[in-house]
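I opened this notebook to keep track of what I look up in a structure that is new to me. I want each entry to stay with one topic before I turn to another.

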Amino acid sequence: MVFISENIQLQKITIEDQPKLTVLMEHIYPPIYKHLWENEDCNWYINHFYCLENLQKELDDVDADYYFVIYNSKPAGIIRIHYNKAFKDMPEESSVQLHRIFLGSEAQGKGVAKQLFDWAEQQAKQKGKTAMWLKAMDTQQQALRFYEKQGYKKIDKLQLDFDLLHEHLRGMHVLWKSLNN
């Protein structure tokens, strides 16, 4: 267990946690993202990215850590950090990707995400990394404002190619932050 603060801890996700992870994502993901999907059905996303096979693949990656975010003693989100993931347009940078960060409504607006970002940046610096980056849906204005407030800048745009996503809602921003400050 990683202790971020009195109310926030990180618990490593294991393959045995796959059912718990799926249930958590069924709670967290749809309220925020169901509008992106045809018929507001985001089951494909949850079943694809949180299935046993994909989870095993992600856990096998020795350059990444995957955690449950525990807030007030209850699972309230997830965070996955990839420590050796250069952004394609900046391969010379020693960067870290915040690959997944999702928080349930019970942990939003309470400083949890800020503490997670501060912790992740500290971990990256300790590993000698010079930058962090992430991808975010371009429709998630609240999240984008938060990332920008944390010092991240939009540097690229891309389109997801998931067939069941509404075509006009497939846009994503890539956001970047230098850790050399």
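The entries below go through the nonpolar cores, one arginine, the aromatic rings, the salt bridges and two backbone angles.

**Entry on the model.** Before anything else I note that this is a predicted model, and I read every value below with that in mind.

**Entry on the cores.** I began with the largest nonpolar core, which has 30 residues, and I looked up which of them touch the most other members: they are Ile79, Leu98 and Leu116. I then listed the elements that give two or more residues to this core, and found the strands β2 (8-12), β3 (64-71), β4 (74-82), β5 (95-103) and β6 (131-137) together with the helices α4 (112-126) and α5 (141-149). Helix α4 gives the most, with seven residues. Apart from this core lies another one, of 26 residues, and I wrote down Ile28, Tyr66, Ile78 and Leu160 as being among them.

To see the surroundings of one core member, I looked up the contacts of Leu98, leaving aside neighbours within four places in sequence. Leu98 is in contact with Ile79, Arg80 and Ile81, with Phe117 and Ala120, with Met132, Trp133 and Leu134, and with Tyr152.

**Entry on Arg80.** Since Arg80 appeared among the contacts of Leu98, I followed Arg80 next. Is Arg80 buried or exposed? Arg80, which lies in strand β4, has a relative accessible area of 5%, and because buried means under 20%, Arg80 counts as buried. Not counting residues up to four places away in sequence, Arg80 touches Glu58, Asp61, Ala64, Asp65, Tyr66, Gln97, Leu98, His99 and Arg100.

Two of these contacts I looked at separately. The charged end of Arg80 sits over the ring of Tyr66, 5.9 Å from its centre, and the side chain of Arg80 also meets that of Asp61 in a salt bridge, at 3.7 Å from N to O. This salt bridge links distant parts of the chain, as Arg80 is in strand β4 whereas Asp61 is in the loop between α3 (52-60) and β3, 19 residues apart. Asp61 is partly exposed, with a relative accessible area of 23%.

**Entry on aromatic rings.** I looked up how many aromatic pairs there are, and the count comes to 17. In one of them, the rings of Tyr29 and Phe102 have their centres 6.0 Å apart and their planes at 65 degrees, so the pair is edge-to-face. Tyr29 belongs to helix α1 and Phe102 to strand β5, and the pair links parts of the chain that are 73 residues apart. Tyr29 and Phe102 are both buried.

A further pair is that of Tyr67 and Trp119, whose ring centres are 5.8 Å apart and whose planes stand at 85 degrees, so this pair is edge-to-face. Here strand β3, with Tyr67, is linked to helix α4, with Trp119, across 52 residues, and both Tyr67 and Trp119 are buried.

I also noted a cluster that ring pairs link together, made of Tyr29, Tyr33, Trp37, Trp44, Tyr45, Phe49, Tyr50, Phe102 and Phe162. For a charge over a ring I wrote down Lys127, which lies over the face of Tyr83 at 4.6 Å from the ring centre.

**Entry on salt bridges.** The structure holds seven salt bridges. Besides the one already entered for Arg80, I looked up the bridge between Asp118 and Lys114, with N to O at 3.0 Å; both residues lie in helix α4, four residues apart, about one turn of the helix. Asp118 counts as partly exposed at 37% relative accessibility, and Lys114 counts as partly exposed at 37%.

Lys177 and Glu121 form another salt bridge, at 3.0 Å from N to O. Lys177 lies in strand β8 (residues 171-178) and Glu121 in helix α4, so the pair ties together parts that are 56 residues apart in sequence. Both Lys177 and Glu121 are buried.

**Entry on backbone angles.** Most residues other than glycine have a negative phi, and I therefore looked for positive values. Asn39, in the loop between α1 (18-33) and α2 (43-49), has a positive phi of about 55 degrees, and Asn39 is exposed at a relative accessible area of 76%. Ser73, in the loop between β3 and β4, has a positive phi near 70 degrees and is exposed, with a relative accessible area of 66%.

Methods
Residues numbered from 1 in each chain as written. Predicted model: local features only at pLDDT ≥ 70, side-chain atom pairs only at ≥ 80, totals over all residues. Heavy atoms only, no water. Core = buried A, V, L, I, M, F, W, Y, C linked by side-chain atoms within 4.5 Å. Buried < 20%, exposed > 50% of the residue type's maximum accessible area, 1.4 Å probe, protein only. Contact = heavy atoms within 4.5 Å. Phe/Tyr/Trp six-rings, centres within 6.5 Å; stacked < 30°, edge-to-face > 60°. Lys NZ or Arg CZ within 6 Å of the ring centre and 35° of its normal. Salt bridge = Lys/Arg side-chain N within 4 Å of Asp/Glu carboxyl O.
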